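Student: Got a minute to go through this one with me? I'd like to look at the pockets and then the helix packing.
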Amino acid sequence: MSNSKFGERSLVQLTLVRFREFIRQPEAVFWTFVFPILLAVGLGLAFRSRAPDKAKIGVITSSPAAANIAASLKKDSTLEIEELTDSAGARALRTAKVAMLVVPDSNGVRYVYDPKRSESAFARLVTDRAIQSAAGRVDPVKITERRVTEKGSRYIDFVIPGLLGMNLMGSGIWGIGFAIVDSRGKRLLKRFMATPMSRAEYLMSFLFSRLFFLILEVITLLGFGALAFGVPHRGSLIELGFICLLSALSFSALGLLIASRAKTVEGVSGLMNFVMMPMWIFSGVFFSSSNFPKVVQPVIKALPLTAVNDALRANLLEGTKITALGLEMAVIVAWLVVSFVLALKLFRWR
């Protein structure tokens with residue numbers, strides 16, 4: 001049998017082995033398919049679309065005018081009013097039980113609040129509007145409004161692509177890294193070394209085995225999001241599949257690199273957490289990465305999970321063509337190529 005035919009046959013068999021190893025591990029199936037759905041349910045219910053919470057306002061009762069001020073504020077349905085003494089009010093503001101204090105005095109009203117708290121700034125605007133309107137202020141400009149609710153602007157619409165990206169990263173890095181190090185620890189890799197199989201064929205079998213599970217991951221999570229929460233998909237399905245494919249291969253190559261030298265499960269666990277933890281925090285899984293300072297944005301944009309999440313959200317929520325995602329795709333491909341090449345050079349059977 002020629003070496004090329006042997007290589008093709010060994011690659012097929014190794015890929016099938018990876019598949020069988022995965023489906024025989026209930027915990028791996030749970031973390032790959034069930035956990036993301038449970039997380040989506042929890043986040044979707046916790047941050048479901050609903051009316052804004054009432055702003056909690058404390059009115060200090062030390063002045064005779066406090067009763068009239070409190071009565072005028074209670075007429076505003078967006079405010080929740082609590083009448084407090086000086087000491088109780090200071091304590092409530094310090095412990096964030098109220099967003100702002102209203103202190104009536106001889107000159108009118110004094111607002112006590114922390115401008116760095118968004119809920120306090122909002123409370124200040126609403127409270128002042130209610131007090132001034134009760135005093136007879138008339139708005140000089142007539143306004144009209146049209147209220148709309150668009151799918152794609154909700155938190156669940158934002159978080160589903162992030163969960164998909166996180167799942168692609170986790171299943172690629174954890175699934176492959178643990179399998180390789182476990183085989184190395186059991187000395188199975190030492191036996192493979194005695195065969196004509198090359199390290200490239202062995203490592204590529206892990207990448208190919210990800211393809212089948214990739215389809216299930218994408219369909220399961222996005223299908224659940226669409227059915228349970230109406231998460232939209234405005235882009236091309238083919239382009240979405242291509243983005244997911246490159247992303248899965250990129251994270252799998254990163255998993256190969258991390259596991260290329262590690263000898264123990266404990267050691268590789270530490271390395272994988274060290275690599276993934278910054279991306280969980282900075283790459284915009286649960287909140288936008290733009291919240292971080294501008295000085296660190298170039299580093300954040302260079303992370304593979306950031307590029308994956310940005311590309312998924314652009315495709316799903318905005319219908320952006322893949323040709324307009326050149327930067328994100330370049331980052332994903334660069335991590336794929338560099339990680340796999342380094343894994344080939346650094347990989348050790350023992």
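Tutor: Sure. Keep in mind that this is a predicted model. Let's start with the second largest pocket: its lining divides into nine nonpolar, two polar and no charged residues.

Student: OK, and which residues line the second largest pocket?

Tutor: Ile160, Val218, Leu222, Ala226, Val231, Pro232, His233, Leu237, Leu240, Gly241 and Leu316. The elements giving two or more residues to that lining are helix 8 (199-229) and helix 9 (237-258).

Student: How much space lies in that second largest pocket?

Tutor: About 160 Å³.

Student: Switching to closed spaces, how many cavities of 30 Å³ or more does a search of the whole structure find?

Tutor: One. The largest cavity has a volume of about 40 Å³.

Student: What lines the largest cavity?

Tutor: Lys301, Thr306, Ala307, Asp310, Leu327, Glu328 and Val331. By class, that lining has three nonpolar, one polar and three charged residues. Helix 12 and helix 13 each supply at least two of the lining residues.

Student: Then let's do those two helices. At what angle do helix 12 and helix 13 pack?

Tutor: About 140°, with the axes 9 Å apart. Helix 12 covers residues 304-318 and helix 13 covers residues 326-346. Angles over 145 degrees would count as roughly antiparallel, so helix 12 and helix 13 are oblique to each other.

Student: Is the crossing of helix 12 and helix 13 left-handed or right-handed?

Tutor: Left-handed. On the helix 12 side, the contact is made by Pro304, Ala307, Val308, Asp310 and Ala311. Helix 13 brings Glu328, Val331, Ile332 and Trp335. Seven residues of this contact are nonpolar, none are polar and two are charged.

Student: Now helix 6 and helix 12. How do their axes cross?

Tutor: At roughly 135°, and the axes come within 9 Å. Helix 6 is residues 155-185. Helix 6 and helix 12 are therefore oblique to each other, and helix 6 passes helix 12 in a right-handed crossing.

Student: Which residues make the contact between helix 6 and helix 12?

Tutor: From helix 6, Asp157, Phe158, Pro161, Gly162, Leu164, Gly165, Met166 and Met169. From helix 12, Leu305, Val308, Asn309, Leu312, Arg313, Leu316 and Leu317. That contact has 10 nonpolar, three polar and two charged residues.

Student: Leu316 rings a bell. Where else did Leu316 come up?

Tutor: Leu316 is one of the residues lining the second largest pocket. Val308 also turns up twice: Val308 is part of the contact with helix 13 and of the contact with helix 6.

Conventions. Residues are numbered from 1 along each chain as its sequence is written. This is a predicted model: local features need pLDDT of at least 70, side-chain atom pairs count only at pLDDT 80 or more; totals for chains, interfaces and linings use all residues. Side-chain values use heavy atoms; hydrogens and water are left out. Axes are lines fitted to C-alpha atoms, for helices over the stretch in contact, and angles run from 0 to 180 degrees between N-to-C directions. Helices (H or I, at least four residues) and strands (E, at least two) are DSSP runs, numbered from the N terminus. Angles under 35 degrees count as roughly parallel, over 145 as roughly antiparallel, 65 to 115 as roughly perpendicular and the rest as oblique. A crossing is left-handed if the near helix is turned anticlockwise from the far one by less than a right angle, and right-handed if clockwise. Contact means heavy atoms within 4.5 Å. Ala, Val, Leu, Ile, Met, Phe, Trp, Tyr, Cys and Pro count as nonpolar, Asp, Glu, Lys and Arg as charged, and the others, Gly among them, as polar. On a 1 Å grid over the protein atoms alone, a cavity is a set of points where a 1.4 Å probe fits but cannot get out, and a pocket is an open set with protein on both sides within 12 Å along at least five of seven lines; lining residues have an atom within 4 Å of a point. Grid points are joined across faces, edges and corners, and a volume is the space filled by probe spheres set on the points.
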